[in-house]
Amino acid sequence: MTRALKTFAVGTALAGAGAVLVEGLVMLELRPLAPVGWPSLGMLAGGALGGPWGLAGGAGVLGAYYAANALVPARFPEFFAHPHFIVSWLALLAVLSAGVLGARHALAARRRYEAALRESEERLRLVIDNVPGLVGYIDAAERYRFNNRAYEAWLGLPPGEVTGRTVREVWGEPLYEELRPALERALRGERVTHEYTLERGGAQRRILASYVPDTDPGGRVKGCFVLGTDVSLLAAAQAELGAARGRLEAALDGSGVALWDADLRSGRVYLSEGWARIVDAPPADTVCQVSELVALVHPDDVHAALEASVEAMKGRAPGYAAEHRVRGRDGRWRWILSRGRVTERDPASGRALRMIGTNVDITERKALEEAMQSAALSDPLTGLANRTLLEERLARAATRSRRSGAPYAVLYVDLDRFKAVNDRHGHAAGDAVLRAVAGRLRAALRASDTVARLGGDEFVVLLEDLKAPADAERVAAKLLAVLREPVDLGGTP
């Protein structure tokens with residue numbers, strides 16, 4: 001028996017029990033005022049236990065019992081003598097049924113949510129315990145409320161020896177004094193990043209620690225999240241690259257080229273002074289996170305730039321190269337050409353650890369390219385799209401139409417007796433008429449539509465994303481109406 005049939009049977013049984021109870025009360029001459037009270041309770045109980053199917057089973061029994069008694073109204077004269085009793089009972093029963101089903105649904109949803117939450121917490125704990133770094137939470141009293149296994153492993157402590165203890169107790173007095181300034185700033189609401197050295201068991205680690213404040217809705221700092229990353233290899237590599245970087249920066253100084261050096265383990269990026277000139281910042285070297293640089297990139301360019309960098313990091317491309325826009329401090333967008341190569345990989349996994357490259361400001365070059373492209377794709381007299389651009393947009397419109405199913409339309413516009421205008425008033429007047437027609441066509445159409453001039457007095461209109469072919473007919477009628485209006489040539493006879 002399927003679950004639906006089982007729950008249906010439960011509702012049937014409970015409502016039937018209510019009907020039996022009523023019959024028993026009648027036999028004992030304790031006849032209730034209404035025949036449907038106890039069966040209704042059984043039906044509602046069936047809905048609570050079995051959901052819609054249980055409610056349906058109970059409703060079937062209830063309806064049958066009600067119909068049987070309606071044939072002999074003398075058994076319950078008070079109930080059947082007043083129709084408003086029946087209407088009130090039906091309305092109340094409908095409300096109670098909806099309430100039972102709603103409550104059952106809410107309870108089931110809450111149970112699912114709690115189960116999903118527990119599963120999510122377990123997965124999160126598993127992930128955090130396997131993060132190759134320190135992850136913890138420190139409350140306002142400088143006491144650890146959470147930590148991952150890396151704490152015990154790095155500090156040489158037994159499992160469970162960190163949570164509940166103060167930072168001073170965990171790290172010891174000397175190192176606590178080094179950590180305290182950054183921790184106090186974080187507990188005052190400031191996001192802090194700093195480095196320190198951890199020595200345990202003869203091994204030395206250089207740790208990059210980030211403290212992120214945790215605030216309540218009122219802005220009060222409840223504690224801070226801690227993330228510590230072992231950057232020992234980075235520190236050694238920075239020392240090795242220092243001299244080479246100095247020589248390279250000397251060569252690049254004043255050239256408009258900015259050097260960047262990205263540590264892919266910590267996400268930190270070093271940029272030379274040339275970067276400050278590109279984004280119109282005060283002259284200085286810049287150290288920031290990758291996320292901060294991504295936030296400067298134009299939203300339309302982020303995906304392509306990130307994809308190019310991933311291809312280089314995974315070794316599928318020999319290097320990283322991308323042209324994209326970044327926002328300067330003055331709010332203007334500047335085009336840059338960013339190039340780079342992976343210079344360090346993990347010997348065991350091949351994972352990219354460091355990338356070095358350059359950024360070059362190509363804003364002027366892009367402006368020139370756009371001007372040249374615009375000139376190549378537009379009609380010099382009217383500024384409308386020319387035949388080349390129209391063909392490109394027609395091809396794209398056909399592709400989009402096949403993909404989305406939305407129709408598109410092409411309208412051909414030809415000016416009658418235009419040659420007479422040129423012959424009678426001269427070519428200057430004819431050009432003025434063409435420009436006026438172009439302006440009217442643009443004004444009568446959507447920004448997403450295309451107006452092109454093929455040459456002479458021939459124009460083409462491309463309408464995309466139409467809901468129906470009749471839309472094109474309405475647009476055509478509108479264009480004819482605006483073009484019938486006289487063109488004022490400034491007194492030309």
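Two strands pair if DSSP finds at least two bridges between them. Keep that in mind, please. One more thing before we start: this is a predicted model.

Let's take a hairpin. Strand 9 covers residues 320–327, and strand 10 covers residues 333–345. They run antiparallel and share eight bridges. Look at A322. Which residue of strand 10 stands opposite A322? It is S338. Five residues lie between the two strands of this hairpin. In that turn sits G331, with a positive phi of about 90 degrees.

Next, a sheet of five strands. It is open, and its order is 2-1-5-4-3. The pairing is antiparallel. A word on what holds such things together: strands of a sheet pair through backbone hydrogen bonds, either parallel or antiparallel.

Which strands stand at the edges of this sheet? They are strand 2, at 144–147, and strand 3, at 192–200. Each has a single partner strand, so one side of each is left without a neighbour in the sheet. On average, neighbouring strands here are turned by 25 degrees against each other, direction ignored.

Stay with this sheet. Strand 4 is residues 203–215, and strand 5 is residues 221–230. Nine bridges join these two, and they run antiparallel. To find one on your screen, go to A209: its bridge partner in strand 5 is G228.

Now add a helix. Helix 7, residues 173–187, lies across strand 1 (134–139), strand 3, strand 4 and strand 5. Against strand 3, helix 7 runs at about 160 degrees.

On to another sheet. Three strands make an open sheet in the order 12-14-13, with antiparallel pairing. Strand 12 and strand 13 each have a single partner strand, so one side of each is left without a neighbour in the sheet. From one strand to the next, the twist averages 20 degrees.

Strand 14, residues 458–463, deserves a closer look. How many of its six residues are buried? Five are, so we can call the strand mostly covered, given that buried means under 20% relative accessible area.

Strand 14 pairs with strand 12, residues 409–414, over six antiparallel bridges. Two examples: D414 has E458 as its bridge partner, and L411 has V461. Strand 14 also pairs with strand 13, residues 450–455, over five antiparallel bridges. There, A452 stands opposite V460. Strand 13 and strand 14 form a hairpin with two residues between them. G456 is in the turn, and its phi is positive, about 60 degrees.

This sheet has a helix across it too. Helix 13, residues 387–404, lies across strand 12, strand 13 and strand 14. It runs at about 135 degrees to strand 13.

Now two helices together. Helix 15 is residues 427–444, and helix 16 is residues 469–484. Their axes come within 10 Å and cross at roughly 145 degrees. The crossing is right-handed. Who makes the contact? From helix 15, it is V437, R440, L441 and A444. From helix 16, it is K478, L479, V482 and L483. Six of the contact residues are nonpolar, two are charged and none is polar.

Last stop: cysteines. A disulfide is a covalent bond between the sulfur atoms of two cysteines. How many disulfides does the model have? With sulfur atoms required to lie within 2.5 Å, the count is zero. Two cysteines to look at: C224 is buried, because its relative accessible area is 0%. C288 also counts as buried, at 8%.

Methods:
Residues are numbered from 1 along each chain as its sequence is written. This is a predicted model: local features need pLDDT of at least 70, side-chain atom pairs count only at pLDDT 80 or more; totals for chains, interfaces and linings use all residues. Side-chain values use heavy atoms; hydrogens and water are left out. Helices (H or I, at least four residues) and strands (E, at least two) are DSSP runs, numbered from the N terminus. Buried means under 20% relative accessible area, exposed over 50%, partly exposed in between (1.4 Å probe, protein chains only). Axes are lines fitted to C-alpha atoms, for helices over the stretch in contact, and angles run from 0 to 180 degrees between N-to-C directions. A crossing is left-handed if the near helix is turned anticlockwise from the far one by less than a right angle, and right-handed if clockwise. Contact means heavy atoms within 4.5 Å. Ala, Val, Leu, Ile, Met, Phe, Trp, Tyr, Cys and Pro count as nonpolar, Asp, Glu, Lys and Arg as charged, and the others, Gly among them, as polar.
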